[in-house]
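Thank you for making time this morning. I would like to walk through one model with you, taking the helix packing to begin with, then the relation between the chains, and then the DNA.

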There are 2 protein chains.
Amino acid sequence: MLNNKLDKAFAALADPARRAMVERLVIGPATVSELAVPLPMSLPAVMLHLKVLEDAGLVTSRKEGRVRTCRIDPEKLSLAERWVSARRVMWEHSLDGLNAYLDQTKAEDEK
Amino acid sequence: MLNNKLDKAFAALADPARRAMVERLVIGPATVSELAVPLPMSLPAVMLHLKVLEDAGLVTSRKEGRVRTCRIDPEKLSLAERWVSARRVMWEHSLDGLNAYLDQTKAEDEK
DNA sequence: TTTATTGTTAAGCATGTACTTAAGTATTCC
DNA sequence: GGAATACTTAAGTACATGCTTAACAATAAA
């Protein structure tokens with residue numbers, strides 16, 4: 001059912017086509033056709049990917065005339081980022097992570 | 001086909017059961033049964049999730065006797081983190097992101 | 001050596017995902 | 001008005017995902 005926001009955000013980012021769309025949109029807004037150009041698929045398929053991105057809250061779009069313009073909404077992007085970051089930091093503060101850190105420090109001393 | 005490492009990492013993190021397993025493992029290593037306790041599903045289902053996490057490189061495990069011990073491998077975790085972070089930063093440096101930043105700054109001035 | 005524990009494999013099922021082509025709608029241009 | 005553009009919807013197909021229960025190791029404990 002994908003209720004959770006994180007579920008949707010991570011699931012959206014799991015697809016290379018959708019990541020490519022995000023990569024394009026971080027540069028600036030784009031139309032649906034512009035997003036579709038580099039992608040090896042039909043326009044309806046791109047629409048579906050766009051819908052997934054919008055549903056995850058990563059992208060918003062607005063239609064003016066016959067053109068739909070899409071842009072990044074970076075809040076959800078940072079939501080996903082913060083989840084991963086917080087867990088990595090937690091791990092680093094655990095005994096396991098501490099040992100890994102010490103091993104790494106030791107390895108660097110021996111260089 | 002999920003060839004890409006990022007595909008697998010994001011897809012693995014898109015499931016709440018798997019994120020719960022990661023949350024448990026950042027505290028320290030755990031057995032399969034320990035990971036299964038809080039999860040509302042059968043042990044074989046947990047095994048499948050574990051396999052997905054291992055396949056994504058987020059988790060490693062080793063069997064000693066009849067017990068399999070699992071632990072986090074934070075390298076792939078930071079791989080996903082860095083992808084998101086880099087895109088957010090790129091967006092912030094774009095005209096769109098710059099405007100959002102300025103709007104936010106203005107809003108905070110008015111507080 | 002029987003029994004309990006811990007994990008693994010197999011088979012099956014229901015649902016979701018990622019497309020496709022074809023047809024349709026709404027705008028804009030000529 | 002008629003044609004081109006930019007998307008949108010519908011219908012259908014193929015494959016992947018997320019479980020289940022049942023049966024089967026392998027190891028450890030009594």
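In chain A of this predicted model, helix α2(A) meets helix α4(A) through A17(A), R18(A), M21(A) and V22(A) on the α2(A) side, and through V46(A), H49(A), L50(A), V52(A) and L53(A) on the α4(A) side. If we sort that contact by class, we find 7 nonpolar residues, 1 polar and 1 charged. The axes of α2(A), which covers residues 16-27, and α4(A) come within 10 Å of each other and cross at roughly 75 degrees. Because of that crossing angle, α2(A) is described as roughly perpendicular to α4(A).

Let me turn to a helix pair in chain B. Here helix α1(B), residues 5-13, and helix α5(B), residues 74-93, have axes that come within 10 Å and cross at roughly 100 degrees, which means that α1(B) is roughly perpendicular to α5(B). On the α1(B) side the contact is made by K5(B), L6(B), A9(B), F10(B) and L13(B), while α5(B) contributes K76(B), L77(B), L79(B), A80(B), W83(B) and V84(B). Nonpolar residues account for 9 of the members of this contact between α1(B) and α5(B), with no polar residues and 2 charged ones.

How, then, are the chains themselves related? Chain A can be superposed on chain B by a rotation of 180 degrees, with 0.0 Å of shift along the axis and an RMSD of 0.1 Å, and that is the relation of a two-fold axis. Of the interface residues of chain A, 100% are also interface residues in chain B, so the copies meet through the same surface.

Now to the DNA, starting with strand C. Which residues are closest to DNA strand C? There are 21 residues surrounding it, and the closest are S42(A), S33(B), M47(B), R66(B) and R68(B). Of the atoms of DNA strand C that come within 4 Å of the protein, 69% belong to sugar and phosphate.

Looking at individual phosphate oxygens of DNA strand C, a polar side-chain atom of R68(B) lies 2.6 Å from one, an N or O atom in the side chain of R18(A) is 3.2 Å from one, and for the side chain of D15(A) the corresponding distance is 3.5 Å. I would point out that R18(A) also belongs to the contact of α2(A) with α4(A) that I described at the start.

The elements that give two or more residues to the surface near DNA strand C are α4 of chain A, together with α3, α4 and β3 of chain B, and the largest share, 4 residues, comes from α4(A). By class, that surface divides into 10 nonpolar, 5 polar and 6 charged residues.

For DNA strand D, 21 residues surround the strand, and the closest are S33(A), M47(A), R66(A), S42(B) and H49(B). Sugar and phosphate again make up 69% of the atoms of DNA strand D within 4 Å of the protein. Side-chain N or O atoms of S42(B) and of H49(B) are each 2.6 Å from a phosphate oxygen of this strand, whereas V32(A) places a backbone N or O atom 3.5 Å from a phosphate oxygen. At least two residues each are supplied by α3, α4 and β3 of chain A and by α4 of chain B, with the largest share, 4 residues, coming from α4(B).

Definitions and conventions. Residues are numbered from 1 along each chain as its sequence is written. Chains are lettered from A and ligands numbered from 1 in the order in which they are written. This is a predicted model: local features need pLDDT of at least 70, side-chain atom pairs count only at pLDDT 80 or more; totals for chains, interfaces and linings use all residues. Side-chain values use heavy atoms; hydrogens and water are left out. Axes are lines fitted to C-alpha atoms, for helices over the stretch in contact, and angles run from 0 to 180 degrees between N-to-C directions. Angles under 35 degrees count as roughly parallel, over 145 as roughly antiparallel, 65 to 115 as roughly perpendicular and the rest as oblique. Contact means heavy atoms within 4.5 Å. Ala, Val, Leu, Ile, Met, Phe, Trp, Tyr, Cys and Pro count as nonpolar, Asp, Glu, Lys and Arg as charged, and the others, Gly among them, as polar. A residue is near a molecule or strand if one of its heavy atoms lies within 4 Å of it. A polar contact is a pair of N or O atoms within 3.5 Å; within protein, one must be able to donate a hydrogen and the other to accept it, and residues adjacent in sequence count only if both atoms are side-chain atoms. Copies are superposed by least squares on the C-alpha atoms of residues with pLDDT of at least 70 in both.
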